[in-house]
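The following note is offered to a colleague who is meeting this structure for the first time. Please read the numbered points with the model open.

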Amino acid sequence: MRIVNRSVALLFFVCIACGLHAQTADTLRVLAIGNSFSEDAVEQYLHEMAEVTGKPLLIGNLYIGGAPLSLHWNNVQSDNAAYSYRKINVDGQKTTTEKVSIRTALQDERWDYVSLQQASPLSGQFDTYVRPLKGVYRYVDSVTGGKVRLIWHQTWAYSPTSTHEGFANYNRDQQTMYRAIMDASAKAKTLMPFNRLIPSGTAIQNARTALGDDLTRDGYHLDLHIGRFIAACTWFESLFGEQAPVTKYRPEQVSEREAQVAQQAAHAAVQQPFSVTEIAVEEAGEVGR
């Protein structure tokens, strides 16, 4: 009987360990409060790069398609359970829970970072940031007891041929939209004391100097492979302080040259987050600028 009890106890503790999803004291926990642009940036490839470099990473994304800051602020005030809560655990297991509130997600983990962003049509219109950004920022800070570091996620300009109705806000010109996003994201960093900026917008624009001026799948969402990989490289370097490990991991559909461009575009953006750097990568993988 004692042997049986010990076996049951051992099984119980094994199950608990499995439930922890291999989290350790050095696990980095990152939650995005966003929309499809945060989906493009953090739900693919970022975890894989952390895994190949031995960095335990847990990723969460509170998703509502097209959600602007004003909607997040409204949901905060009403404690509205309106989000699809996507989560990638340390072991790579993906889960989705529907009808989750921002408060519930914030209390689900001991998050190290929480990122905020504006919806893409409004990303270059700073006047749409001010009131909701202050409100959501202070709410996150309050719910987490000031223990979370907040990130501003700088999004990207549309393809020159985009038919998105929001492109009209920028005279349907990619450079106009990019410059407006740079101005607004720089002001966001001065409006609230963000711990860091993740310059996905500049990384994409840098890569466009080498790979063409699109990198989207529909004029505004990132290409499923190289576009998303560039954004993931930018998040990786911003979070971990080292260049993305593209020689250890790249998606099958991304060529060696494209991976080098992604790495260099992300690195240049982290170094100069508000201006474009020309990227030149030869087919053999040699990098120059």
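1. N171 is a suitable place to begin: this residue is exposed, because its relative accessible area is 65%. The classes used throughout are buried (under 20% relative accessible area), exposed (over 50%) and partly exposed (in between), with a 1.4 Å probe and protein chains only. N171 sits in the loop between β6 (149-153) and α7 (174-191). Its phi is positive, at about 55°, although N171 is not a glycine.

2. Some conventions should be stated before going further. The model is predicted, so that local features need pLDDT of at least 70 and side-chain atom pairs count only at pLDDT 80 or more, while totals for chains, interfaces and linings use all residues. Residues are numbered from 1 along each chain as its sequence is written, and side-chain values use heavy atoms, with hydrogens and water left out.

3. R172 belongs to the loop between β6 and α7. R172, which is not a glycine, also has a positive phi, of about 50°. With a relative accessible area of 40%, R172 is partly exposed.

4. Is H164, in the loop between β6 and α7, buried or exposed? H164 counts as buried, because its relative accessibility is 17%. Leaving out residues up to four places away in sequence, H164 touches P121, Y158, R172 and Y220; contact here means heavy atoms within 4.5 Å. By contrast with these partners, L69 is not a neighbour to look for by eye: the C-alpha atoms of H164 and L69 are separated by 19 Å, with their positions 95 residues apart along the chain.5. The overall make-up of the chain is 10 helices and nine strands. Helices (H or I, at least four residues) and strands (E, at least two) are DSSP runs, numbered from the N terminus. Along its principal axes, the C-alpha trace spans about 75 × 50 × 30 Å. The radius of gyration is 20 Å, which agrees with the value near 19 Å for a compact globule of 289 residues. This radius is taken over C-alpha atoms, and the globule rule is 2.2 Å times the number of residues to the power 0.38.

6. Of the 289 residues in the chain, 54% are buried. Among contacts with a separation of 6 or more, 72% come from residues 24 or more positions apart. The chain exposes about 12800 Å², of which carbon and sulfur atoms supply 49%; the areas come from the Shrake-Rupley method with a 1.4 Å probe, and for residues only the protein chains shown count as cover.

7. The chain carries 27 positive and 30 negative charges, whose mean positions are 10 Å apart. Lys and Arg count as positive and Asp and Glu as negative, whereas His and the chain ends are not counted. Each charge is placed at NZ of Lys, CZ of Arg, CG of Asp or CD of Glu.

8. How many residues does the largest nonpolar core have? This core has 52 residues, and those with the most contacts inside it are L46, M49, F229, I230, C233, W235 and L239. Two or more residues come from each of β1 (28-34), α2 (36-42), α3 (46-52), β2 (57-63), α7, α8 (200-211), α9 (226-240) and α10 (256-271). The element that gives the most is α9, with nine residues. A nonpolar core is a set of buried Ala, Val, Leu, Ile, Met, Phe, Trp, Tyr and Cys residues joined through side-chain atoms within 4.5 Å.

9. Apart from the largest core lies another, of 34 residues, including L31, L58, Y137 and W152. Returning to the largest core, M49 is one of the residues with the most contacts inside it. Setting aside neighbours within four places in sequence, M49 is in contact with F229, A232, C233, F236, A244, P245 and Y249.

10. A180 lies in helix α7 and counts as buried, with a relative accessibility of 16%. Not counting residues up to four places away in sequence, A180 touches S123, G124 and Y170. The C-alpha atoms of A180 and H221, which are 41 residues apart along the chain, are separated by 18 Å.

11. Q243 is placed in the loop between α9 and α10. At 32% relative accessibility, Q243 is partly exposed. Beyond its neighbours within four places in sequence, Q243 is in contact with F236, E237, Q263, Q264 and H267. Q243 and A266 are 23 residues apart in sequence, and their C-alpha atoms are 8.0 Å apart in space.

12. R131 is part of helix α6 (residues 130-143). This residue is exposed, because its relative accessible area is 60%. From C-alpha to C-alpha, R131 and W73 are 8.7 Å apart in space, and they are 58 residues apart in sequence.
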